[in-house]
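Here are some notes to help you find your way around a structure that is new to you. Keep the view open and follow the points in order.

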Amino acid sequence: MLNKKSYVYLSLVFMVSLFIAFSVQAAEKPEGYPSQPIEVVVQYGAGGGSDNFVRNLMMPARRILGTAINITNMTGAAGVKAANYVLNQPADGYTIYNFSPEQLINTAFGRQNYKEEFAPLVQVQQDMSMFYVNPKAEYQTVQELIAYAKKNPGKVQFTGTTPASPDELIIMRFAKAAGIDVKYIPFDKAPKTHAAVLGGHLDVLHEEPGSVMSLIEAKKLIPIIVFNDKRLDKFPEVPCSVELGYNLTTGRWRGLAVKKGTPQPIIDYIAASLKKAYEKSSYQNYAKAALLDQRYGWKDPAEFGKFWDTEYESVKVVLKELGYIK
Amino acid sequence: MEIWLASLLNVFSPVALMLIAGGALAGVMLGAIPGLNSPMGTALLIPFTFAMEPANGLMLLTAVYCGGTFGGSISAILFNVPGAPEASVTGFDGYPMAKSGKAGKALGIAIMCSCLGGLFSVIVMSLISPQLASVALSFSEPEYFALALAALTLIASLGGDKMIKAFIAGCIGLLAATIGIDPMTSAERFTFDGDALMGGINFIPALIGAFAVGEILMTAEAGLKKTGEAVTKVSTELPKIIELLKLKWTILRSAVIGTMIGILPGVGATTAAFVGYSEAVRWSKHPRKFGTGIAEGIAAPETCNNAAAGGAMVPLLTLGIPGSATTAVIIGGFMVHGMQPGPMLFINQPGLMYSLFIAMFVANIFMLFSGMIVAKLFSNFRKIRYSILGPCIFVFATVGAFGISNSMVDVWIMFAFGLIGYAMKKFDFPIAPLIIALVLGELAEISLRRGMRMADWDISDFIFRPIGGTILLLTLITLLFTIYGKVKRKSKFVDSKTA
């Protein structure tokens, strides 16, 4: 039997651990926040991958934060328009920006300066890049594609969204690693790239699997490589980049930021609340359907900030190689 | 057949019918109010559809979509401020007709033609969706370029006698279309090292500015001695059968063009309306009357944009590729129910697809009624004196410009184009060519450049193609005819003078 003393000890340990758990789990609610609706600014059109991400995350977040959350789509100029809007708002945590890899690229171009403008909030998703070909193409595997491209330098046409985009960067890094010379033909909207490859006008499509799942299942697009360190359960026959000897695993990540100067307690509180929203089944169901659960994407504010800096350095290197910046 | 019957029952359940009727009405309202539009409306509704049966939720969204495509025309006709991009062209003839006191007739034609165009595309879509989708995929850059060029050459016919002035206006539009980040190389063009113009000139604020604001400035200058047009009663009158019969070829042609352009990925109802208008001018016996307020000028774009709305559902449902902004949002509506539109959905859930087709058909009929109601409501504005209505339009215009992407830059663009429009009116330059060039300039430029890069700069790839080549040839022929006709008329004019 336990004596009285050990009960005291036990309850003490219990209370201490409870206290620690609480102080770590729930970032303390800042006084008076939120007292007005929160606006999330998305620099891409309604219905796209980034828009779906924000809407699906904010649906449960509304209840957790206890305030209205409005989503505003402000397209154009690779996100500069939307960024300027956010920067014109006070740094009080009521305006959240959908921070995407384009912002790092814009910084390299001198159009934005992420270091001075934004404070990291959270990264939520780490998506994957895949290449696809038309089922009628002469090559149906990545090895055949490389062999064909070596025989016909400059003939194979890759497509993705917008020039100097994360899409172009990964295509060009792959081409360099595989030692092939390819063409990149950008479109301004992703659906047009799908149509161009489906119609046989262009050869290889770069896309995240979630948005073309139905076309893959109907065998209208054949996936040939996934940029990951292992094969996906969903497509066991598709080789991953690492097993083929290409150390390329970057993919589009999706996250949020606030204006620099926003008080840290508010940042931490929003981050903790979003984490709860992220864990809710309504978000997880969407993530599962869009194959966004294959790689763990969650990053806390500090981690996300560090990640920006390392990503920025590698983006700069590739843009230099492609001749976009000096 | 069984599936069709089951789907029919699905649609004709009280809940579904109510949702469709409500959706169509909401869509028309959203479209009619400048600053609100159907992509926005559908995006707002998606969270609500989460709690509904998937089929019901999607029927609601498509009904809003159908209604919204028409709704914009109401404010385009009454105030010259299109409530939605799809209605941009409707104001070219709709507003002059309303100004001449026939607002009710203009609205009636718009509603009727929207309905007919919508019904046509739904029927075509439910019969041959898969085949249409493969036609859409056969279109590549040369075809897009040919389409854009065909519509652009019609600028020559639009200016009436002022061909040179129309040409200059068109060039200004083309120039404005090049502003912003180059979509092929990401270089900044004419941005003057600032951020404001990086996103380019959005054509809606430009259009609202050039037409509506320019007009207000002109009227203000002329003085408000007139107590406004003596419009006491605007009752929307649907066109009589005989009037519709007169428009039959315009409507049929526009319905076919609209459906075809609608199914092209990423082109959408707005471009369809422009092309439909251009073709109506091309085939008309009296092309010079366009822009003065004639029935064909309303029937063509209205039939086209609603036909395109139906057409845009084809690539969405068969390939998962949205043909327009609103259909891109509707994808989100599928995704909240864990479905992704595309070929598999057609195979796995044919019942849902057929229900959607029937729902769109019904929505187009409901749109006819809700259109009448909303048009009646809005037309009360025409009873207001211009000295009060003018400033109101000014407010609509500002809100409408801001609402497109919630950006002040668009409002400044609208004001700048207001001054341009004022100057153009003052010096008797036609404005429509400016807008057409601004809208189609980007499509023409980018499809040419992208197509040339794909073809390794071999021009023969552009010409020797069955569809693209035919369109280019037709364009060339009509262009030569137009110029020949003008020159002949001019020489006749000179002859009669000297004689």
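1. A small backbone detail makes a good starting point: H8(A) is followed by Gly200(A), and the phi of this glycine is positive, near 75 degrees. Please keep in mind throughout that this is a predicted model.

2. Stay with helix H8 (residues 190–198) of chain A for a moment. Is this helix enclosed or exposed? Eight of its nine residues are buried, so H8(A) is largely enclosed by the rest of the structure. The buried set consists of Ala190(A), Pro191(A), Thr193(A), His194(A), Ala195(A), Ala196(A), Val197(A) and Leu198(A).

3. Now step back to the whole of chain A. Its domain assignment gives domain 1 (38–127 + 252–321) and domain 2 (130–226). Taken over C-alpha atoms, the centres of domain 1 of chain A and domain 2 of chain A are separated by 27 Å. Their contact takes 13 residues from domain 1 of chain A and twelve residues from domain 2 of chain A. On the domain 1 side, the elements that give two or more residues are helix H4 (101–109) and helix H12 (301–321) of chain A. By class, that side has eight nonpolar, two polar and three charged residues.

4. Helix H12 of chain A also holds Leu319(A), a residue worth clicking on. Why does Leu319(A) count as buried? Because 20 other C-beta atoms lie within 10 Å of its own, and 20 or more is what the term requires. Leaving aside neighbours within four places in sequence, Leu319(A) is in contact with Ile105(A), Ala108(A), Ala164(A), Tyr324(A) and Ile325(A). For a sense of scale, the C-alpha atoms of Leu319(A) and Val42(A) are 25 Å apart, with their positions 277 residues apart along the chain.

5. Next, look for the sheet in chain A. Five strands form an open sheet with mixed pairing, in the order S2-S1-S3-S10-S4 (chain A). Strand S2 (69–73) and strand S4 (118–126) of chain A are the edge strands, each pairing on one side only. On average, and with direction ignored, neighbouring strands of this sheet are turned by 25 degrees against each other.

6. One pairing is easy to trace by eye. S4(A) and strand S10 (residues 253–259) of chain A run in the antiparallel sense and pair over seven bridges. Within S10(A), Val258(A) is the bridge partner of Ala119(A).

7. Which helices pack on the sheet? Helix H2 (residues 49–65) of chain A does, touching strand S1 (38–42), S2, strand S3 (95–99), S4 and S10 of chain A, and its direction makes about 165 degrees with that of S2(A). Helix H3 (residues 80–87) of chain A packs there too, touching S1, S3 and S10 of chain A, with its direction at about 155 degrees to that of S3(A).

8. Finally, turn to where the chains meet. In this contact, 41 residues of chain B touch 40 residues of chain A. Several elements give two or more residues to the chain B side, among them helix H3 (38–49), helix H5 (90–138) and helix H20 (432–454) of chain B. H15(B) gives the most, with six residues. By class, the chain B side has 22 nonpolar, 16 polar and three charged residues.

9. A word on confidence to close. The model scores ipTM 0.80 and pTM 0.82. Chain B averages a pLDDT of 84, and 95% of the residues score at least 70.

Methods: Residues numbered from 1 in each chain as written. Chains lettered and ligands numbered in written order. Predicted model: local features only at pLDDT ≥ 70, side-chain atom pairs only at ≥ 80, totals over all residues. Domains from an automatic or database assignment. Contact = placed C-beta atoms within 7 Å. Helix = DSSP H or I, 4+ residues; strand = E, 2+ residues; numbered from the N terminus. Nonpolar A, V, L, I, M, F, W, Y, C, P; charged D, E, K, R; others polar. pLDDT = per-residue confidence, 0-100. Pairing = 2+ DSSP bridges. Axes fitted to C-alpha atoms, helices over the stretch in contact; angles between N-to-C directions. Buried ≥ 20, exposed ≤ 12 C-beta atoms within 10 Å, placed from the backbone.
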